[in-house]
Amino acid sequence: MALISYFTLVLEVKVSAEPWNKPITEPNSESTPQSIKVADLLSTAGAKFFGAHWCPACKEQLRLFGKEAGRKLNYVECGMPDKYPLQVKQCKEADIKTIPTWTRPGSSNLEGVQTIKKLESWSKL
């Protein structure tokens, strides 16, 4: 019986969603199939979402993706140098002047809140 309980516990842990691990507040919105697909495309393309935990526009950008898709984004925190010095260094190296900013290798940056549709087409360029 104890062995069965152990395997059940292990299975439940693997099935549960990843915890939110980004400095910015987790969105309350649910992801759509399209936002999940676009988050996967952005990840595959090497895109980065530069923002700050205090930025309302950054929170709005994340809200458009929702919880599940938001977990897949490569978010870089530009506003907490003491807690995330390596991420802030990435912001400086990428010469981020406006947040939110999206970067992708081989493409021009996108500044400001972007629609999911715009990010989908940008990720495929």
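In this predicted model, the side chain of R104 lies over the face of W122, at 5.5 Å from the ring centre. The chain that carries this contact between a charge and a ring has five helices and four strands, and its elements run α-α-β-α-β-α-β-β-α from the N terminus on.

**Aromatic pairs**

A pair of aromatic rings is described by the distance of the centres and the angle of the planes. The count of aromatic pairs in the chain comes to three, and two of them are set out below.

| Pair | Centre to centre | Angle between planes | Geometry |
|---|---|---|---|
| F49 and Y75 | 5.2 Å | 75 degrees | edge-to-face |
| F65 and W102 | 5.9 Å | 40 degrees | tilted |

Because F49 belongs to strand β1 (residues 48–51) and Y75 to strand β2 (residues 75–77), their pair ties together parts of the chain that are 26 residues apart in sequence. The pair of F65 and W102 likewise links distant parts of the chain, with F65 in helix α3 (residues 56–72) and W102 in strand β3 (residues 101–103), 37 residues apart. F49 and Y75 are both buried, and F65 and W102 are buried as well; together, F49, F65, Y75 and W102 form one aromatic cluster.

**The chain as a whole**

Of the 125 residues of the chain, 38% count as buried. Among contacts with a separation of 6 or more, 72% are accounted for by residues 24 or more positions apart. The chain exposes about 7700 Å², of which carbon and sulfur atoms supply 57%.

Note on methods: Residues numbered from 1 in each chain as written. Predicted model: local features only at pLDDT ≥ 70, side-chain atom pairs only at ≥ 80, totals over all residues. Heavy atoms only, no water. Phe/Tyr/Trp six-rings, centres within 6.5 Å; stacked < 30°, edge-to-face > 60°. Helix = DSSP H or I, 4+ residues; strand = E, 2+ residues; numbered from the N terminus. Buried < 20%, exposed > 50% of the residue type's maximum accessible area, 1.4 Å probe, protein only. Lys NZ or Arg CZ within 6 Å of the ring centre and 35° of its normal. Contact = heavy atoms within 4.5 Å. Areas by Shrake-Rupley, 256 points an atom, 1.4 Å probe, with all protein chains shown as cover.
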